[in-house]
Amino acid sequence: MKLASLKHRRDGKLILVSRDLTQAVDASDIALTLQDALDEWDTLSPLLQARYDALNDNNVGERFPFNPADCESPLPRAFQWADGSAYVNHVELVRKARGADMPESFWTDPLMYQGVSDKFIGPRENIELCDEAWGCDFEAEVAVITDDVAMATPSEKAGSHIKLLMLVNDVSLRNLIPSELAKGFGFFQSKPASSFSPVAVTPDELGESWQENKVHLPLEVFLNGEQFGAPNAGVDMTFDFAELVAHAAKSRHLGAGTIIGSGTVSNLDRSKGSCCIAERRMLEILDLGSPKTPFLLYGDKVSIEMHDKEGRSIFGKIDQEVVPYR
């Protein structure tokens, strides 16, 4: 299934979106919001699946053209948004950029932080920035949404709790990070609201590209119309999504609707480009002695998208512009 949330109050109104992302149908009579659907997933997902199948077979009369600009993030807000760092080679590069050592434990125990989740940026909404000097950066990622996950669920069982996948732009304020982390208490001001793809999909929509709890497809990022990177999300992923879910659930229960991100997608093959500016700047430092690529400025435009092996968009496109906050 492919699901989205039309703009409606705080939590949106649930719709189903056709596989080719051209048509949609109201699903709010089954579950008013995506969170409602996740709360009763076992009961409601068969009803949603039946309507989704009918939509794709052109057997629903109430369908309408799908417009991502009318949508919030699939979950406009969430009880929990935890972002990991599954691509450890990326972590290593970014830490080098700020002169931080890389503990060996990073290769065996995932990093994770708790992000802003009371209001996400819509997939076609502007990124509002108070000050260009803060070093605004995009981070293109993949995320999963879970049902209820019991505390201490092992990774061997955690994969069964993954119900939906999305794309992410995890906005970061790079120049605020060093002083904030130096306090020893984690991200806060340096990690504002993130945004997610217009559409969330069930794992079966990915077909053979969903294996070993990883998405084996390139994640495409464009900056001002030029491709910035297209690394494969299934390559060089040190921790798969089941391991990330299990890590998040080590000492707490995860409620239905928990979002867990992969961290910035990154490949050791540098010809694939980067999914964030910080990584490219570090590579420039290593190759040229100093960074050349600036962080995001007002008017810069970022888009993030993933296509299947036939070239069809899976999640729709995150398409945003950086603007001054007034």
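This report describes the domains, salt bridges and some buried parts of one protein chain. The model is predicted.

## Two domains

The chain falls into two domains: domain 1 covers 2–66, and domain 2 covers 75–324. Their C-alpha centres are 26 Å apart. To the contact, domain 1 gives 18 residues and domain 2 gives 21 residues.

How much area is buried between domain 1 and domain 2? The area is about 1700 Å². Carbon and sulfur atoms give 60% of this area. On the side of domain 1, three residues stand out: Lys2, Gln35 and Leu38 supply 32% of the area that domain 1 buries against domain 2. No other three residues supply more.

Polar and charged pairs also cross between the domains. There are 3 salt bridges between domain 1 and domain 2. There are also 6 residue pairs in polar contact, both residues being at pLDDT 80 or more. Three elements give two or more residues to the side of domain 1 that touches domain 2: E1, helix H1 (34–39) and helix H2 (41–56). The residues of that side divide into 9 nonpolar, 3 polar and 6 charged.

## Salt bridges

Side chains of opposite charge can pair when their charged atoms come close. In this model the count is 13 salt bridges. Three of them are listed here.

| Salt bridge | Closest N and O atoms |
|---|---|
| Asp11 with Arg77 | 2.7 Å |
| Arg174 with Glu139 | 3.5 Å |
| Asp147 with Lys163 | 3.7 Å |

Take Asp11 and Arg77, a salt bridge with its closest N and O atoms 2.7 Å apart. This pair links distant parts of the chain, 66 residues apart. Asp11 sits in the loop between strand E1 (2–6) and strand E2 (13–17). Arg77 sits in the loop between strand E5 (71–72) and strand E6 (81–84). Are these two residues buried, exposed or partly exposed? Asp11 is partly exposed, with a relative accessible area of 28%. Arg77 is partly exposed too, at 33%.

Next comes the salt bridge of Arg174 with Glu139. It also links distant parts of the chain, here 35 residues apart. Arg174 lies in the loop between strand E12 (172–173) and helix H5 (177–182). Glu139 lies in the loop between strand E9 (136–137) and strand E10 (140–146). Arg174 has 10% relative accessibility, so it counts as buried. Glu139 has 5% relative accessibility and counts as buried as well. Both residues belong to a network of salt bridges that links Asp137, Glu139, Asp170, Arg174 and Lys191.

The last pair in the table is Asp147 with Lys163. Asp147 lies in the loop between E10 and helix H4 (155–158), and Lys163 lies in strand E11 (residues 162–169), so the pair ties together parts that are 16 residues apart in sequence. Asp147 is buried, at 14% relative accessibility. Lys163 is buried, at 17%.

## Helix H6

Why is helix H6 (residues 241–248) largely enclosed by the rest of the structure? It is largely enclosed because 6 of its 8 residues are buried. The buried residues in H6 are Phe241, Ala242, Leu244, Val245, Ala246 and Ala248.

What covers them? The cover includes strand E7 (112–114), E10, H4 and E11. It also includes strand E15 (210–211) and strand E19 (259–261).

The N-terminal end of H6 has a cap, supplied by Asp240. A side-chain oxygen of Asp240 lies 3.0 Å from the backbone nitrogen of Ala242. Ala242 is itself one of the buried residues of H6.

## Leu14

Back in domain 1, which spans 2–66, look at Leu14. Its place is in strand E2. Is Leu14 buried or exposed? Its relative accessibility is 0%, so Leu14 counts as buried.

Which residues does Leu14 touch, not counting residues up to four places away in sequence? Leu14 touches Leu3 and Ala4. It also touches Asp26, Ala27, Ser28, Ala31, Leu32, Thr33 and Leu34. Ala37 and Leu48 complete the list. The C-alpha atoms of Leu14 and Asp29 are separated by 8.9 Å, and the two residues are 15 residues apart along the chain.

Methods: Residues numbered from 1 in each chain as written. Predicted model: local features only at pLDDT ≥ 70, side-chain atom pairs only at ≥ 80, totals over all residues. Heavy atoms only, no water. Salt bridge = Lys/Arg side-chain N within 4 Å of Asp/Glu carboxyl O. Helix = DSSP H or I, 4+ residues; strand = E, 2+ residues; numbered from the N terminus. Buried < 20%, exposed > 50% of the residue type's maximum accessible area, 1.4 Å probe, protein only. Contact = heavy atoms within 4.5 Å. Polar contact = N/O pair within 3.5 Å; in protein donor to acceptor, adjacent residues only side chain to side chain. Domains from an automatic or database assignment. Buried area = accessible area lost by both parts, 1.4 Å probe. Nonpolar A, V, L, I, M, F, W, Y, C, P; charged D, E, K, R; others polar.
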